Amino acid sequence: MANEVRVRFAPSPTGYVHIGSLRTALFNFLFARHYGGKNILRIEDTDQTRKVEGAVENLIGSLERLGITFDEGPVAGGDFGPYFQSERLDIYKKYCSELLQKGYAYYAFETSEELEEMRRLQQLEGKQTMYDRRGRDLSEDEVKEKLASGAPSVIRLKVPLGEEVRFNDLVKGTIKIDSDIVDDQILLKSDGFPTYHLANVIDDHLMGITHIIRGEEWITSVPKHILLYRAFGWEVPAMAHVPLILNRDKTKLSKRQGDVAVEDYLRKGYLREALVNFIALLGWNPGEGDEREFFAMDDLIREFSIERVQTSGAVFNPDKLNWMNNSYIKDYDLDKLTELSLPYFSGTGIDTSDRERVRMILNTIRVYLNKLDEIPDHVKIFSTEEVQLEKDELRQILEAESSRKAIGALAGKLEDLDKLTADLYKSAVAEVQAETGVKGKALFKPLRIALTGSENGPELPAIAEILGKEKSVRFLKRWL
RNA sequence: GGUCCCAUCGACUAGGGGUUAGGUCGUCACUCUUUCACAGUGAAAACACGGGUUCGAAUCCCGUUGGGACCGCCA
């Protein structure tokens, strides 16, 4: 590409990062990095009623945890700032009056109530609800008069009628819309703030954005934006509208049907690599018969292309996320995994200052973990001071004559050891088998139950080693 | 309701005129492991429908149906 690629992620600061936003942010990031361009963060905070304290910091923090970084933005700075729209009000006003002057926009004075009434009537008639453009009929004098009287006013886009607005979307192809059904969108609100549509067009142009990559929900407002670019005499950036991420019932992914905040997933112990990998594959794949499923961020950067983004929406499938996360957990560098897991041990009764022990525990249970917050479920057997039987029926197994014989023999052997290791445990059990004649299920089952209170779980020798000699012996002897 | 978008197994998807329509998750079975899980092997499971175009359509075109998004002084 001749010019440097410049893309932007432009969220409104609502306090958390939606999974759908994450994917938009990811795709922008991948696209920018793939072409060696710039990834820009712009905060769309023109709705004063929606301000959330600390939202921007949180947003940047979450994205950075996932490895999505910005070259320009509120924190990174840059030559195209400010990157908060609320700090660019003068710019919008200036361009808006230019529109007014050129006759591409006009003043309107309806109150919210009047507009609501208008919509209600339109709905009754079964028509599309949109501004009926009545403000266009006001004479210059009428407008002057109202303005002078101090009546609240907005500025609306004067949509040229009877035209077909068309554009080429990088993922959807050519899209055309009849301008007659394009709303005379409010550009400047009565509080002096611009709407998304105005601010977005001005900023994208001023910030030199070359490609707009955003969710499909924006597609119907593109004509407004095109008209705006045209009115200003600006070049329209390339656009790519990516399909939505859906609930199980195929509606737009929403809070009501489960977690949608990236922070929720991070908190539950989904690994950043797994989350990024999974989200990237929701709507993108390398194609051409390439059947890989695992991609590190570098792989994604190298292979991502907007042309391979899916045209239809994708259901967010937690089962597959779990599978992928579990795969990452199983393969993860054990030391790093140990560090990441530490917070999840709080309240389990396991002393995390003994890193080596935590490491061993993690290594034996990681195969069971879909996510890190499941750790407590699997470590009870290591922290308990007295084994609890999972169910009462297990007591019978313990009380069998052969069981007592084996348990007693093993307890004796372990007692003689200096230090209990998995290997020593194994040989001790082998000796018990030889000496008592108890073998097979009759041997292993009671030992497992005596040591853990459960019929199943990780490998017994590993458990015994983690338990240590003292505890193992004590647990065994209890059933004699 | 209007406009726009979309349509391959239950889910994510590959394929894109001639394929036994491939892979992954999930499900089921078997093997392995003296447990569960892991791993391995296998199975069930899809081109929404109707018309064209073509020697030949899952693939291209049109329509139908179905689903979704948007229709705010939100973004």
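User: What makes S12 a polar contact of RNA strand B?

Analyst: In this predicted model, an N or O atom in the side chain of S12 is 3.4 Å from a sugar or linking oxygen of RNA strand B. A polar contact needs a pair of N or O atoms within 3.5 Å, so the S12 pair qualifies.

User: How do you know that T311 and R448 are in polar contact with RNA strand B?

Analyst: The side chain of T311 has an N or O atom 3.1 Å from a phosphate oxygen of the strand. For R448, a polar side-chain atom lies 2.9 Å from a base nitrogen. The cut-off is 3.5 Å, so both pairs count.

User: Why is G126 called near RNA strand B?

Analyst: G126 is listed among the closest of the 68 residues that surround the strand. A residue is near if one of its heavy atoms lies within 4 Å, so G126 belongs to that set. Of the strand atoms within 4 Å of the protein, 75% belong to sugar or phosphate, and the rest to bases.

User: What makes up the surface near RNA strand B, by residue class?

Analyst: That surface divides into 20 nonpolar, 25 polar and 23 charged residues. Elements that each supply at least two residues include α4 (112-124) and α18 (441-452).

User: How many salt bridges and how many polar pairs link domain 1 and domain 3 of chain A?

Analyst: The salt-bridge count between domain 1 and domain 3 is zero, whereas nine residue pairs are in polar contact across the interface. On the side of domain 1 that touches domain 3, α11 (318-331) gives the most, with six residues.

Methods:
Residues are numbered from 1 along each chain as its sequence is written. Chains are lettered from A and ligands numbered from 1 in the order in which they are written. This is a predicted model: local features need pLDDT of at least 70, side-chain atom pairs count only at pLDDT 80 or more; totals for chains, interfaces and linings use all residues. Side-chain values use heavy atoms; hydrogens and water are left out. A salt bridge is a side-chain nitrogen of Lys or Arg within 4 Å of a carboxyl oxygen of Asp or Glu. A polar contact is a pair of N or O atoms within 3.5 Å; within protein, one must be able to donate a hydrogen and the other to accept it, and residues adjacent in sequence count only if both atoms are side-chain atoms. Helices (H or I, at least four residues) and strands (E, at least two) are DSSP runs, numbered from the N terminus. Ala, Val, Leu, Ile, Met, Phe, Trp, Tyr, Cys and Pro count as nonpolar, Asp, Glu, Lys and Arg as charged, and the others, Gly among them, as polar.
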